[in-house]
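Visitor: I am new to this structure and should be grateful for a close look at one part of it. Please explain each term as it arises.

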Amino acid sequence: MSLSLLDYLYNLEKVSIRHPSFIVSVIASALVLFFFSWQSIIRDPLKDVPGPMKARWSRFWLIWIDMSGRRSKTIHELHQKYGSVVRIGPREVSFSSRQAMKDLYGSGNKFMKGPVYEAFGRQSSFTILDKTEHRSRQKRIAHVFAPASIAAVEPLVKEQVQKLLHVLSKRTNQPLDVMEWFRIFALDVVGSVFFGQSFGGLDNEAPPKILYDLDEVFPSLLIEWQFAAIRPLLLAIPHKPMQHFLRIASEFYDKYGTEKFNEYIARHGRSGDRIDLLTKLIAGSKDYGPLDDNEIVNEMTNLIFAGTDTTSNTFTYMFYELAKHPQWQKQLQAELDEAVLEEVPEYKHVMKLRVLDAVIHETLRFHPAAPASLQRLAPSEGGAVVDGIAIPQNGIASCQAYTTQRDPTVYPNPEQFDPGRWLSASEDHLNVMHEHILVWGKGQRACLGKPMAYMELKVGTAALIGKFSVEIGSATIDDDMEMTDHFALVPKGKRCILRLKERR
Ligand code: HEM
């Protein structure tokens, strides 16, 4: 009779490794292990999908890479090696073709959002996984992001741009971390438009506390999600910094969501005398009714996440590239000068400027603010097919902007910042280029804030580049600006040192 593993461990000291029962048990265990491994290889529905061996066995290597901020680049390298379909986990596949984007995100797709979105905070339009539930939520908030609503808040956006100009005018001819100022600006816009007042960073000319809390909130949410079962135990450990870290996410919702919401109601009432988007959120959709107060707080708070670092990182990388490519800066300034604009222009006057448009498109292509896999979960019955590959039930499939936007057949010399590609392409090719852009997501779950982000980017860039020239302000800037990602893009050095000079 062979020894079981437990018996073996229990009797470890008594058993000689030359004893026949020991040898038999080792051989039997090896055969069992081999049998089950072989079975799982034979039955593995993704066995024909190419990819590194470690991806077949474990998802932990990717979690590790994710934590180090190299997920998008690593998956991109795998696509370069294996092609447009790559296995990246035991039940996870990454795709890069246009057909895959259509199958995954296009109309009539069968996928819901992948479970990882639950780690991005409480239930809101961004984090809801289920398709039906999301559709019902979107019906009740779509009016907030409609073109007329966005146009109505233009004065609030322009007011923050004016303040940014003022603050930066005082800091010319010296090395300046523009990333910090773009973060403060984007946050103040979200505050002004969705919370009834800005967070005061531009008024006080200093980063508000919420900006520091924002940096901590995602790691805390991730722990809450990954280790939900043991979180109460961790909270019981009397270690103040750890307790603070574990509580920061829920405190964030209470402090910046609930409190600000209550302040807003006290100041403006529910029928709203202020032209902002919170008034519209509270009023609700004419056809589908309002959200309840908790739902509003969750939406508002998640908009801080959705609308701050995405927009500010796009500004940061655009100004970095303009500093590195003075020829594009000059072309843009020539276009702005010719348009004869006010100091902070109206959106309609800059909306269609071609060079401005091309510079923003190229920045979003080359430095996508959301470069990482947009994960989708295959239906629990029957799975689904993506670009001819069967994804089993509950399998995960995704495309990532970092790769679709670096396809050399669509964007020749993809590692070069070249706004000219958007100016010289034929109409047909321009359509293909736009189809490969994934930075806003696609289809039903695409970014609702895109029109507002464009307004911020165009009015802000026209005002700043009209007034200042930008130069590189630090010898280590290329190192600082190396792209890393934690779903959103993050420059490795978390700063961007440039030098601004008044043009006239
Ligand atoms: C450069 C700026 C921005 C980029 C690149 C960006 C990108 C994205 C991406 C990739 C998604 C999710 C797609 C997915 O998971 O499939 C998303 C969703 C969303 N974004 Fe943005 N975003 C930006 C700015 C904003 C702003 C300024 C707001 C609002 C203030 C906003 C509000 C939202 C909302 C509400 C969703 C959820 C949409 C839904 O599923 O119903 N975003 N965005």
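**Helix 14 and its surroundings**

Guide: The cover over the buried residues of helix 14 includes helix 12 (209-226), helix 13 (231-236), helix 15 (277-283) and helix 16 (293-307). Covering here rests on contact, meaning heavy atoms within 4.5 Å. The model is predicted, so local features need pLDDT of at least 70 and side-chain atom pairs count only at pLDDT 80 or more, while totals for chains, interfaces and linings use all residues. Residues are numbered from 1 along each chain as its sequence is written, and side-chain values use heavy atoms, with hydrogens and water left out. Helices are DSSP runs (H or I, at least four residues), numbered from the N terminus.

Among the residues of helix 14 that are buried are Leu 246, Ile 248, Phe 252, Lys 260 and His 268. Buried means under 20% relative accessible area, exposed over 50%, and partly exposed in between (1.4 Å probe, protein chains only). Ile 248 is also the centre of a kink of about 50 degrees in helix 14, which spans residues 240-268. The bend at a residue is the angle between axes fitted to the seven residues ending there and the seven starting there. Just after helix 14, Gly 269 has a positive phi of about 75 degrees.

For contrast, one may turn to a residue in a loop. Cys 447 lies between helix 23 (427-435) and helix 24 (450-467), and is partly exposed, with a relative accessible area of 36%. An unreviewed UniProt entry annotates Cys 447 as "binding site"; such annotations, given in the numbering used here with shortened feature names, may be inferred rather than shown by experiment.

Methods. Helix = DSSP H or I, 4+ residues; strand = E, 2+ residues; numbered from the N terminus.
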